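Hi,

Here is the structure I promised to pass along. Have a look at it first, and then read on for my notes.

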Amino acid sequence: QVQLVESGGGLVQTGGSLTLSCTASGRHFQLYTIAWFRQAPGKEREFVVGIPWTNGVIDYGDSAKGRFILSRDNEKNTVALQMNSLKVEDTAIYFCAARTESGTRGIYDYWGQGTQVTVSS
């Protein structure tokens with residue numbers, strides 16, 4: 001099993017940047033596919049970006065392409081999400097998730113509690 005804790009959320013103005021971190025505890029972090037999801041009020045949870053444990057090829061969702069950058073450090077058991085050019089519509093709770101399967105899309109078994117990101121106009 002793996003336990004996930006997100007940090008780095010907060011309030012930022014439109015056009016600003018924010019970096020979220022996901023720190024994992026447990027064994028064999030390097031064998032987990034990690035992803036970020038987000039959920040805005042009244043909306044369904046949305047896939048943002050994921051990185052498989054197999055080949056490290058990052059899968060960016062449409063909302064993240066060109067603006068967000070994902071990085072992973074297996075020695076520190078962390079995944080960081082750098083978010084640039086933030087928009088009001090990026091406002092949501094951001095969740096870190098993990099699964100043992102190699103694909104980035106699908107059902108995730110482990111979830112953090114989430115961190116709030118609010119982008120003001």
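Below is what I found, starting with the whole protein and ending with two residues.

First, a caveat: this is a predicted model, and the numbers here are all computed from it.

**The fold**

The protein has eleven strands and zero helices. If you walk along the sequence, the pattern reads β-β-β-β-β-β-β-β-β-β-β. A good share of the contacts link distant parts of the sequence: among those with a separation of 6 or more, 56% are between residues 24 or more positions apart.

**Size and surface**

Is the chain about as compact as its length would suggest, or not? For 121 residues, a compact globule would come out with a radius of gyration near 14 Å, and the protein has 13 Å, so the two agree. The C-alpha trace spans about 40 × 25 × 25 Å along its principal axes.

As for what is covered, 42% of the 121 residues count as buried. The protein exposes about 6400 Å², and 49% of that area comes from carbon and sulfur atoms.

The charges are even in number: 11 side chains are positive and 11 are negative. The centres of those two sets lie 1 Å apart.

**D90: a buried acid in a loop**

You'll find D90 in the loop that runs between strand 8 (78-83) and strand 9 (92-99). Is D90 buried or exposed? Its relative accessibility is 0%, and the cut-off for buried is under 20%, so D90 counts as buried.

What does the side chain of D90 reach? It gets to the backbone nitrogen of K87, at 2.7 Å. Leaving aside residues up to four places away in sequence, D90 also touches R38, R67, F68, S85, V117 and V119.

**L81: a buried residue in strand 8**

L81 sits in strand 8, the strand that comes before the D90 loop. L81 has a relative accessible area of 0%, which means that it is buried too.

Which residues does L81 touch, again not counting those up to four places away in sequence? The list is L18, T19, L20, W36, V48, V49, F68, I69 and L70. F68 is worth picking out on your screen, as it appears among the contacts of L81 and among those of D90.

One distance to try in your viewer: L81 and A92 are eleven residues apart in sequence, and their C-alpha atoms are 14 Å apart in space.

That's everything from my side. Shout if anything in here is unclear.

Cheers

Conventions
Residues numbered from 1 in each chain as written. Predicted model: local features only at pLDDT ≥ 70, side-chain atom pairs only at ≥ 80, totals over all residues. Heavy atoms only, no water. Helix = DSSP H or I, 4+ residues; strand = E, 2+ residues; numbered from the N terminus. Rg over C-alpha atoms; globule rule 2.2 N^0.38 Å. Buried < 20%, exposed > 50% of the residue type's maximum accessible area, 1.4 Å probe, protein only. Contact = heavy atoms within 4.5 Å. Areas by Shrake-Rupley, 256 points an atom, 1.4 Å probe, with all protein chains shown as cover. Lys, Arg positive; Asp, Glu negative; His and termini not counted. Charge placed at Lys NZ, Arg CZ, Asp CG, Glu CD. Polar contact = N/O pair within 3.5 Å; in protein donor to acceptor, adjacent residues only side chain to side chain.
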